[in-house]
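Let's walk through this model together, beginning with a single side chain and working outwards. Keep the viewer open as you read.

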Amino acid sequence: MNSNSTTFFSLGSHDSLSSSLTPHSDIAPDDPELYNSLFIRATSCLSKRIIYNWSCTQAYDCKQQLEAGIRYFDLRVAKRPDDGLLYIVHGLYGTETKNVLETMLEFLETHPKEVILLDFQHLYEMNHFDHHKLLHQLMDVLGHMMCPYVADLTEFTLNWLWKRGFQVIVFYRDPVAQYHPFLWPAESIPNPWPNTRSIKNLLAFLTGGYEKRREAGKFFVSQSVLTPNLLYIMRNLLGNLRSVLVNESNRQLLKWLEDKHPGPHGLNIIICDFIDYNDCAIPQSIVNLNHKSPIMSNNQLRKSRYEVI
């Protein structure tokens with residue numbers, strides 16, 4: 001428990017709250033081409049079904065993910081113009097942000113030694129007042145649990161957090177973060193995107209990140225995520241993200257994880273789609289990996305020999 005917080009290995013979910021999307025949700029502004037397309041609006045019912053099939057990346061809701069062991073949440077937020085409220089988005093509008101924060105509060109109050117990381121990855125259609133509204137929600141609901149930004153993580157341990165009653169770390173990828181001490185800047189948690197539809201390329205990307213020396217005193221996110229483009233979706237119109245891409249990529253991820261270790265020179269945070277895959281096998285794998293000795297130097301790092309099967 002006195003190990004540095006970047007030594008532990010945590011599982012996160014990609015587009016964490018997309019489980020709140022429905023095929024009837026309105027189109028969100030995170031993809032301007034879809035949002036402004038007259039064709040998409042003219043074929044609304046069919047288009048929204050297809051968008052849903054490829055935008056929904058999780059089956060578990062916030063509470064279920066927390067109970068399954070998810071501790072890093074990838075959040076995308078946008079203001080809805082008709083009511084001015086803030087919502088989770090990914091292609092379509094999901095639930096209100098305040099609902100998510102209240103669910104997290106309920107969990108943390110009954111689990112006082114759990115720590116969660118909230119990464120506000122993308123913020124759409126938000127002006128200064130909208131950012132203020134979101135920050136007010138954060139402070140109102142989770143403010144007493146939020147850890148202020150710590151530049152030197154040398155002594156940043158779970159015990160350090162527990163002694164101070166901190167259970168929430170908020171990363172905020174907008175310049176407004178520099179004006180608020182409880183917001184951690186984007187540079188404190190590198191989060192490279194593989195941007196591929198190839199499992200072979202994805203595993204090579206993950207292995208490259210694993211074998212590369214991480215910057216000292218920073219968190220690091222490894223994205224085990226395949227991203228379809230429009231042409232790929234058009235070729236698989238009758239399918240969906242889970243059946244066409246995720247089931248196989250998660251199977252390969254489980255095999256890739258078998259010889260990995262946590263630590264400053266190992267894994268820190270990994271995110272994937274549909275964390276409920278195979279009865280939550282990936283979260284269980286992460287629990288098992290945290291019992292391994294952390295890799296503290298490059299000399300301990302073994303080259304990964306895993307190949308796609």
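Start at Glu248, which counts as partly exposed because its relative accessibility is 31%; here buried means under 20% relative accessible area, exposed means over 50%, and partly exposed is in between, with a 1.4 Å probe and protein chains only. Before going further, a word on the ground rules: this is a predicted model, in which local features need pLDDT of at least 70 and side-chain atom pairs count only at pLDDT 80 or more, while totals for chains, interfaces and linings use all residues. Residues are numbered from 1 along each chain as its sequence is written, and side-chain values use heavy atoms, with hydrogens and water left out.

What does Glu248 pair with? Its partner is Arg251, and the closest N and O atoms of this salt bridge are 2.9 Å apart. A salt bridge here is a side-chain nitrogen of Lys or Arg within 4 Å of a carboxyl oxygen of Asp or Glu. Both residues sit in helix α10, 3 residues apart, which is about one turn of the helix. Helices (H or I, at least four residues) and strands (E, at least two) are DSSP runs, numbered from the N terminus. Arg251 is also partly exposed, with a relative accessible area of 29%. Elsewhere, salt bridges with shared partners link Asp26, Lys48, Arg80 and Asp82 into one network.

Stay with the charged side chains a little longer. Arg242 makes a salt bridge with Asp276, where the closest N and O atoms lie 3.1 Å apart. Arg242 belongs to helix α10 (residues 241-257), and Asp276 to the loop between β9 (269-272) and α11 (277-289), so this pair ties together parts that are 34 residues apart in sequence. The two partners fall into separate burial classes: Arg242 is partly exposed at 24% relative accessibility, whereas Asp276 is buried at 15%. Another salt bridge joins the side chains of Glu215 and Lys218, at 3.1 Å from N to O. Lys218, at 22% relative accessibility, is partly exposed.

How many salt bridges are there in the whole structure? A search finds 12. They can be set against the full charge count: the protein chain carries 29 positive and 32 negative side chains, and the centres of the two sets are 7 Å apart. In that count, Lys and Arg are positive and Asp and Glu negative, with His and the chain ends not counted; each charge is placed at NZ of Lys, CZ of Arg, CG of Asp or CD of Glu.

Next, follow the chain from β9 into α11. Ile270 is in strand β9 and, at 0% relative accessibility, counts as buried. Leaving aside residues up to four places away in sequence, Ile270 touches Phe9, Ser10, Leu11, Gly12, Ser222, Ser224, Leu253, Trp256, Leu257 and Ile286, where contact means heavy atoms within 4.5 Å. One of these neighbours, Ile286, is 16 residues away along the chain, and the two C-alpha atoms are 9.2 Å apart.

Helix α11 itself deserves a look at its backbone. Most residues other than glycine have a negative phi. Asn278, in helix α11, has a positive phi of about 50 degrees although it is not a glycine. Cys280, also placed in helix α11, has a positive phi near 60 degrees, and its 14% relative accessibility makes it count as buried. Gln284 in the α11 helix is partly exposed, with a relative accessible area of 44%. The C-alpha atoms of Gln284 and Met234 are separated by 35 Å, with their positions 50 residues apart along the chain.

For another part of the chain, turn to Tyr35 in helix α1 (residues 32-35). Its contacts, not counting residues up to four places away in sequence, are Ile27, Ala28, Pro29, Arg41, Pro81 and Tyr93. The C-alpha atoms of Tyr35 and Leu92 are 9.2 Å apart, although the two are 57 residues apart along the chain.

Finally, zoom out. The protein chain holds 11 helices and 9 strands, and its C-alpha trace spans about 60 × 50 × 30 Å along the principal axes. Its radius of gyration is 19 Å, which agrees with the value near 19 Å for a compact globule of 309 residues; the radius is taken over C-alpha atoms, and the globule rule is 2.2 Å times the number of residues to the power 0.38. Buried residues make up 54% of the 309. Among contacts with a separation of 6 or more, 78% are between residues 24 or more positions apart.
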